[in-house]
Amino acid sequence: MTGVEVIIAALVAGATAGSTDVARTVIADTYGGLKNLLRGRLVGRPQAQEALEAREVEPGRWRAVLGDDLADSGADTDERILAAARRLLELADPNGGA
């Protein structure tokens with residue numbers, strides 16, 4: 001997976017995962033942390049920031065709106081962002097089945 005694909009997958013997982021209250025809380029906190037990191041990288045990119053805050057969780061939509069900005073801003077190679085995205089994916093799908 002490319003960095004952009006990891007980030008998009010994590011955003012979708014964070015927006016839709018969590019089957020128990022505890023899982024939802026942990027995932028929501030991790031999802032919020034990832035979005036905060038991305039907000040910092042997407043400063044000056046209003047369309048990308050708006051997409052990040054939207055309720056829309058369709059991967060294709062996020063890829064279309066955020067993909068280039070994630071790559072152009074360096075988010076796709078930022079180790080803190082990628083670590084947060086990977087952590088979120090682990091929490092949302094601990095068995096790695098998705």
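Contacts in this predicted model lean on long sequence separations: of those in the protein chain between residues at least 6 apart in sequence, 69% join residues at least 24 apart. The scaffold behind that number is built from five helices and zero strands, so reading from the N terminus the elements simply go α-α-α-α-α. The radius of gyration comes out at 12 Å, close to the 13 Å that the globule rule gives for 98 residues, so the chain is as compact as a globular protein of that length. Boxed along the principal axes, the C-alpha atoms take up roughly 35 × 25 × 20 Å.

On to burial and surface. Of the 98 residues in the protein chain, 37% are buried. The chain exposes about 5,500 Å², with carbon and sulfur atoms supplying 49% of that area. As for charge, there are 11 positive and 15 negative side chains, and the centres of the two sets sit 4 Å apart.

Some of those charges pair up: the structure holds four salt bridges. One of them joins Glu53 to Arg39, with the closest N and O atoms 2.7 Å apart. This pair links distant parts of the chain, since Glu53 belongs to helix H3 (residues 46-53) and Arg39 to helix H2 (residues 21-41), 14 residues apart. Both partners keep some contact with the outside: Glu53 counts as partly exposed because its relative accessibility is 41%, and Arg39 gets the same label because its value is 30%.

Another bridge runs between Arg45 and Asp69, where the closest N and O atoms are 3.1 Å apart. Arg45 comes from the loop between H2 and H3, while Asp69 is part of helix H4 (residues 59-72), so this bridge ties together parts that are 24 residues apart in sequence. The two ends fall into separate burial classes. Arg45 is partly exposed, with a relative accessible area of 24%. Asp69, at 17%, is buried, because the cut-off for that class is under 20%.

A further bridge stays local. Glu90 and Arg87 have their closest N and O atoms 3.7 Å apart, which still qualifies because the limit is 4 Å. Both residues lie in helix H5 (residues 79-92), three residues apart, or about one turn of the helix. Each is partly exposed, Glu90 at 46% relative accessibility and Arg87 at 42%.

Arg87 also turns up in the surroundings of Thr30, a residue of helix H2. Leaving out residues up to four places away in sequence, Thr30 touches Ala84, Arg87, Leu88 and Leu91. Its relative accessibility is 19%, which puts Thr30 in the buried class because that class takes values under 20%. Arg87 therefore has two roles in this picture: it touches Thr30 and, within helix H5, it forms the salt bridge with Glu90.

How values were computed: Residues are numbered from 1 along each chain as its sequence is written. This is a predicted model: local features need pLDDT of at least 70, side-chain atom pairs count only at pLDDT 80 or more; totals for chains, interfaces and linings use all residues. Side-chain values use heavy atoms; hydrogens and water are left out. A salt bridge is a side-chain nitrogen of Lys or Arg within 4 Å of a carboxyl oxygen of Asp or Glu. Helices (H or I, at least four residues) and strands (E, at least two) are DSSP runs, numbered from the N terminus. Buried means under 20% relative accessible area, exposed over 50%, partly exposed in between (1.4 Å probe, protein chains only). The radius of gyration is taken over C-alpha atoms; the globule rule is 2.2 Å times the number of residues to the power 0.38. Contact means heavy atoms within 4.5 Å. Accessible areas come from the Shrake-Rupley method with a 1.4 Å probe; for residues, only the protein chains shown count as cover. Lys and Arg count as positive and Asp and Glu as negative; His and the chain ends are not counted. The place of a charge is taken as NZ of Lys, CZ of Arg, CG of Asp or CD of Glu.
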